[in-house]
Amino acid sequence: MKTPVSVLRLPRGPDPNSRGFDPNSPRFLALCPTTLSSSSSSGAVDEEEQRLRSDLRERFLRTLLLMTDKQVEFNMHEKVRVRARFGASDIDVLNFQVSGLETPLGVQKEALLRCQDVISCSFEL
Amino acid sequence: MAMRQTPLTCSGHTRPVVDLAFSGITPYGYFLISACKDGKPMLRQGDTGDWIGTFLGHKGAVWGATLNKEATKAATAAADFTAKVWDAVTGDEVLTLAHKHIVKSVNFTQDSNFLLTGGNDKVLRIYDLIKPEADPQEIAGHTSAIKKALWCNNDQQILSAADDKTIRLWDKNTQEAVHTLSFDASVTSMEYIPDGEILVITYGRTIAFYNAHSLDLIKTVDAPASIHSASLHPEKDFFVAGGDDFKLYKYDYTTKEEMESYKGHFGPIHTVRFSPDGELYASGSEDGTLRLWQTAVGKTYGLWKCVLPEELSSENSEVLYCPPAEIKA
């Protein structure tokens with residue numbers, strides 16, 4: 001049985017929050033000197049924007065937590081409005097797991113709602 | 001002591017990887033670009049596979065991607081009927097070139113001043129990147145969709161492979177076909193090696209090598225399965241090929257003998273290329289991953305570390321990651 005070659009680590013994957021091209025990488029700094037000054041002056045603006053983004057994200061996640069086990073009305077495309085008990089969201093907010101989904105065809109005991117079809121949702125606190 | 005190859009899996013794409021290209025060797029190393037049906041081509045550091053950035057903008061599957069020699073520019077060909085030129089340092093989109101149909105292939109000249117495109121409208125186009133508003137030079141002749149178009153012979157000629165089962169060599173100035181090769185099957189891939197003027201073509205289960213000037217056949221090698229892509233090592237001692245059976249094959253170029261085959265991908269291999277220094281080769285697959293493979297298995301290079309038997313059991317091995325039998329993508 002041959003020994004497998006050892007590796008220091010696995011290749012780094014994409015950052016889910018950005019498109020990459022780190023402006024602080026040696027290559028960027030060497031090849032794009034004209035953008036250096038603009039990025040340092042807008043540094044403060046970027047920090048403020050990041051803070052706001054973090055705040056919004058935290059509010060969104062807390063809203064999802066509050067929604068758990070509550071009756072929620074979902075406003076969806078094609079003028080679809082349905083009510084269900086919200087269970088959970090998946091990590092990428094692609095699907096919502098719901099129970100007792102009230103549809104024109106009857107009540108679906110367990111269902112997944114595709115998030116990209118949801119325009120808005122509302123619930124009582 | 002013989003060691004088992006540990007491929008490095010680069011994840012991030014969510015659909016099949018259909019094309020990949022390396023840059024030349026730059027003061028910052030070399031780079032790799034991957035074209036994916038998810039519409040988001042990615043730039044990676046060539047020797048480690050580390051993600052650097054994603055080029056965002058295409059609205060359809062990206063079928064072809066390339067970098068210029070210095071890795072300062074990238075070009076992509078997509079199903080949204082456009083080819084795009086990007087700044088490969090900032091990731092910004094620099095130019096969008098509208099076409100009349102799906103674009104499949106893009107290639108820069110050595111000086112990065114001209115971009116060659118080819119696709120489903122069967123016409124080769126040459127764009128002057130210094131005057132991008134000007135109409136491109138057009139070369140017609142193929143009777144079906146163009147799969148791949150490459151500059152060759154000092155950027156004076158163009159090689160194109162199409163679904164009409166021909167490969168044609170064109171003179172850029174006269175716009176005429178100087179040579180035509182006809183095949184019984186569709187050509188699945190084409191690679192041009194400027195140093196040595198060799199053309200590597202795959203079709204069916206065959207990997208064929210031609211002289212890029214005369215289009216004379218040098219040799220052919222048959223593989224155990226249908227091959228989608230092959231690449232010749234810069235020193236022309238080996239070539240690698242991959243296709244339908246998910247395996248990567250390594251052959252001795254001189255003797256044509258199969259030396260090794262590697263399993264690892266979970267889907268057919270669509271593209272494989274050697275790095276510019278020949279130390280590794282990268283493969284892109286239907287399974288949505290890119291994998292990096294060592295040419296000299298066990299050598300210290302990039303993320304691979306040569307470990308002597310005493311080191312493996314010593315206290316100092318905590319920096320090393322010894323992969324289990326199966327590495328998941």
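Residues 315-319 of chain B stay under pLDDT 50. For this stretch the predicted model has three contacts beyond four places in sequence. A further stretch of chain B, residues 325-329, also stays under 50; here the model has seven contacts beyond four places in sequence. Where pLDDT is low, the predicted coordinates should not be read in detail.

**Confidence**

- Chain B has a mean pLDDT of 93. In this chain, 93% of residues reach 70 or more.
- Chain A has a mean pLDDT of 89, with 91% of its residues at 70 or more.
- Within chain A, pLDDT is below 50 over residues 35-39. Beyond near neighbours in sequence, that stretch has two contacts in the model.
- For the complex, the predictor gives an ipTM of 0.84. The pTM is 0.77.

**Fold and dimensions of chain A**

- Chain A holds three helices and seven strands.
- Their order along the sequence is β-β-α-α-α-β-β-β-β-β. The three helices thus follow two strands and precede the remaining five.
- The radius of gyration of chain A is 23 Å. A compact globule of 125 residues would come in near 14 Å.
- The C-alpha trace of chain A spans about 65 × 60 × 25 Å along its principal axes.
- Among contacts in chain A with a separation of 6 or more, 30% join residues 24 or more positions apart.

**Burial, surface and charge of chain A**

- Of the 125 residues in chain A, 20% count as buried.
- The exposed area of chain A is about 9,100 Å². Carbon and sulfur atoms supply 55% of that area.
- Chain A carries 17 positive and 17 negative side chains. The centres of these two sets lie 5 Å apart.

**B:Gly298**

- B:Gly298 sits in a loop of chain B. The loop runs between β29 (290-294) and β30 (304-305).
- B:Gly298 has a relative accessible area of 8%, so this residue counts as buried. The cut-off for buried is under 20%.
- Leaving aside neighbours within four places in sequence, B:Gly298 is in contact with A:Val5, B:Met3 and B:Cys306. One of these partners, A:Val5, belongs to chain A.
- B:Met3 and B:Gly298 are 295 residues apart along the chain. Their C-alpha atoms are separated by 6.0 Å.

How values were computed:
Residues numbered from 1 in each chain as written. Chains lettered and ligands numbered in written order. Predicted model: local features only at pLDDT ≥ 70, side-chain atom pairs only at ≥ 80, totals over all residues. Heavy atoms only, no water. Helix = DSSP H or I, 4+ residues; strand = E, 2+ residues; numbered from the N terminus. Rg over C-alpha atoms; globule rule 2.2 N^0.38 Å. Buried < 20%, exposed > 50% of the residue type's maximum accessible area, 1.4 Å probe, protein only. Contact = heavy atoms within 4.5 Å. Areas by Shrake-Rupley, 256 points an atom, 1.4 Å probe, with all protein chains shown as cover. Lys, Arg positive; Asp, Glu negative; His and termini not counted. Charge placed at Lys NZ, Arg CZ, Asp CG, Glu CD. pLDDT = per-residue confidence, 0-100.
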